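Me: Got a minute to walk through a two-chain model with me? I'd like to go from the overall make-up to the details.

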Amino acid sequence: MKQNIIGALCALAVMGGAFAQAPKKPAAKPAAAPAAEAKDAATLEFEKFRAEMEDSNPAELFEAKGQELWKSKRGPKNVSLAETCDLGQGVGKIDGAYVKMPRYFADADAVMDAERRIVWCMVEKQGFKFDDIAKQPFANETFTPDITNLVTYVAGHSRNMKIAVPLNDPKVREAYETGKEIAAYRAGPYDFSCNTCHGVEGKRIRMQNLPNLSTPKGAMSGVQGWPGYRMTGGVMLTHQWRMGDCFRQQRFPQPKYASDAIAYLLTYMIGNANGQVYKGPGIKR
Amino acid sequence: MTKTILLAAMATPFLIALPAAADADYRSQAIAVIKKDFQPRGQASLDRLAEDGLQAICNRTGNKPPKYIAERMEADQLAGVKFPADGKLMGDWKEGEKIAQSGRGFTWTDNPGLPVGGNCYNCHQIAPKETSFGTIGTSLYQFGKLRGNSAEIQKYTYSKIWNAKAFNLCSEMPRFGHAGALTEKQVKDLVALLLDPESPVNK
């Protein structure tokens, strides 16, 4: 069993190298083609490539690592998440947990997205220090934090399941409505809100299509593929990271890690995607 | 409305303990959460989270302020536009093209010492050669060809780039001069990109 996994990992690692090369291909096309069409072709090519790779994508490497972390006794209290952590489906149960978050957790008295909840378990159950996790919560080219692997593992166990954020729960509904207001809040030097880019239909920044997060379809395209393996740099990144990067481009200060603000925004976005099928950890450009 | 709620609450004190879900002011909750849940990073300090008067009006009205407020505030914004001392509003369109291409500036990863870009192509079609353009703003292709470059048009174009809110209070476009993002010279170069008959925009 273990050998099989290792073999699969090696194969994936080799393929990972191929992935890293892939996005460069379109750029090598003759410059004579009109750029707009070339970029559209690049987009199409990427979509095709992503569809082909969906069954065995590099995210699986991180899922495997996350599985190991989930099941191992770790932290000052030397317990595993598998035997202590309740993601809303019962202690240790992860099937379908990712697509049913954010949700309200009475033990924490908070609405939590998947990443926030796992961090909470690491702190409360395993005894890790929140500040240590929050110091470098997201991956870079040389480092992938445990929490990223764990989130990817949990997300993988909701593959091909329907998004079902429990919006009927009044606490979740309140988080949703507050998140909706956060998305509309314009401030900063450029007067931007989330909705400046993501509140209307059919707009682009440069050639990048902008999903309208207020619609089911747009919200789903903001959810799909996270956590995702970003081929630029070969980094595994979570949905929390994506929220932060939006605020960066909005010229806002940085949202605190695993905070209410991010949980509420995710409740709004993922809640709007309810009923649609989540395909699992994905690939991003 | 608020008074009615207060009266109702006083008349039935036991209701106060219940969560006021139906009438909850989600906007104030959102602001409280934003104030609590952000941290400064790089040049992006926490003062950026506060709404200025214009942002507050746009946020409170869903970007549709009443006309009498919009007109008065647009006039205030227009009054704040700073024009170059020598009165010349058209710079170098080639420099303008470079500024239009750059999306740099003001994020927590940007070096605050470097010049800021205009972000123009992120949202607008401008010169025909650049086909990677966004569509949040209108097309500016042939901007000058359609309008000419009279003193009046130059003044309008300069003012619009300096402070788009002087003409449309809740426009999505940043107030590049007002925000201290673009310098007078940069705005002049962008005016030239849009209005100079030699600019590819007007060919």
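Reply: Sure, here is a quick tour of the chains, their contact, the cores and one sheet. Keep in mind that this is a predicted model.

Me: Okay, start with chain A. How many helices and strands does the secondary structure come to?

Reply: Chain A has eleven helices and ten strands.

Me: And how much of chain A counts as buried?

Reply: The figure is 44% of its 285 residues. As for sequence range, take the contacts in chain A between residues at least 6 apart: 69% of them join residues at least 24 apart.

Me: Now the contact between the chains. How many residues does each one put in?

Reply: Chain B puts in 40 residues and chain A 36.

Me: Which elements of chain B supply that side?

Reply: α2, β1 (38–39), α3 (53–60) and α6 (120–123) of chain B each bring at least two residues to the side touching chain A. The top contributor there is α2(B), with six residues.

Me: What's the chemistry of that side, by class?

Reply: On chain B's side you get 21 nonpolar, twelve polar and seven charged residues.

Me: Which strands are joined by bridges across the chains?

Reply: Strand β8 of chain A, residues 254–255, is joined to β1(B) by two bridges, and the two run antiparallel. A:P255 sits opposite B:F38 there.

Me: Back to α2(B). At what angle does it pack with α7(A)?

Reply: About 75 degrees, and the axes are 8 Å apart. Angles from 65 to 115 degrees count as roughly perpendicular, so that is the label α7(A) gets relative to α2(B).

Me: Which residues meet there?

Reply: From α7(A) you have A:E177, A:T178, A:E181 and A:I182. They meet B:Y26, B:R27, B:Q29, B:A30, B:V33 and B:I34 of α2(B). By class, the residues of this helix contact split into five nonpolar, two polar and three charged.

Me: I want to hear more about A:I182. What does it touch?

Reply: Leaving aside residues up to four places away in sequence, A:I182 touches A:A261, A:Y264 and A:L265 in its own chain, plus B:A30, B:V33 and B:I34.

Me: Let's switch to the cores. How many residues does the largest nonpolar one have?

Reply: The largest nonpolar core has 62 residues. A:I182 is among those with the most contacts inside it, along with A:I118, A:V154, A:V223, A:Y264, A:L265 and A:M269.

Me: Which elements supply it?

Reply: Elements giving at least two residues each include β2 (110–112), α4 (114–124), α6 (146–156), α7 (170–184) and α9 (216–223) of chain A. α10 (239–249) and α11 (260–272) of chain A do so too, and chain B joins in through α2 (26–36). α11(A) gives the most, with nine residues.

Me: What about a second core?

Reply: There's a separate one of 30 residues, and it includes B:A100, B:C120, B:F133 and B:F176.

Me: You listed α6 of chain A. Is that helix mostly covered or mostly open?

Reply: Mostly covered, with ten of the eleven residues of α6(A) buried. Among the buried ones are A:L150, A:V151, A:Y153 and A:V154.

Me: What do the buried residues of α6(A) pack against?

Reply: A mix of helices and strands of chain A: α3 (59–71), α4, α5 (130–135), β6 (225–230), β7 (235–237) and β10 (281–284).

Me: And those strands, in what order do they sit in the sheet?

Reply: The order is β7-β6-β10 in chain A, in an open sheet of three strands with mixed pairing. β7 and β10 are the edge strands, each pairing on one side only. On average, neighbouring strands of this sheet are turned by 30 degrees against each other, ignoring direction.

Me: Mixed how? Which pair is parallel and which antiparallel?

Reply: β6(A) and β7(A) pair in the antiparallel sense over three bridges, whereas β6(A) and β10(A) run parallel and are joined by four. For specific partners, A:G228 goes with A:L237, A:R230 with A:V235, and A:G225 stands opposite A:P281.

Me: How many of the residues in β6(A) are buried?

Reply: Five of six, so to speak a mostly covered strand.

Me: Last one: which residue takes a positive phi in the hairpin of β6(A) and β7(A)?

Reply: A:G233, with phi near 95 degrees, in a hairpin that has four residues between the strands.

How values were computed:
Residues are numbered from 1 along each chain as its sequence is written. Chains are lettered from A and ligands numbered from 1 in the order in which they are written. This is a predicted model: local features need pLDDT of at least 70, side-chain atom pairs count only at pLDDT 80 or more; totals for chains, interfaces and linings use all residues. A nonpolar core is a set of buried Ala, Val, Leu, Ile, Met, Phe, Trp, Tyr and Cys residues joined through C-beta atoms within 7 Å. A residue is buried if 20 or more other C-beta atoms lie within 10 Å of its own, exposed if 12 or fewer, and partly exposed in between; C-beta atoms are placed from the backbone. Two residues are in contact if their C-beta atoms, placed from the backbone, lie within 7 Å. Ala, Val, Leu, Ile, Met, Phe, Trp, Tyr, Cys and Pro count as nonpolar, Asp, Glu, Lys and Arg as charged, and the others, Gly among them, as polar. Two strands pair if DSSP finds at least two bridges between them. Axes are lines fitted to C-alpha atoms, for helices over the stretch in contact, and angles run from 0 to 180 degrees between N-to-C directions. Angles under 35 degrees count as roughly parallel, over 145 as roughly antiparallel, 65 to 115 as roughly perpendicular and the rest as oblique.
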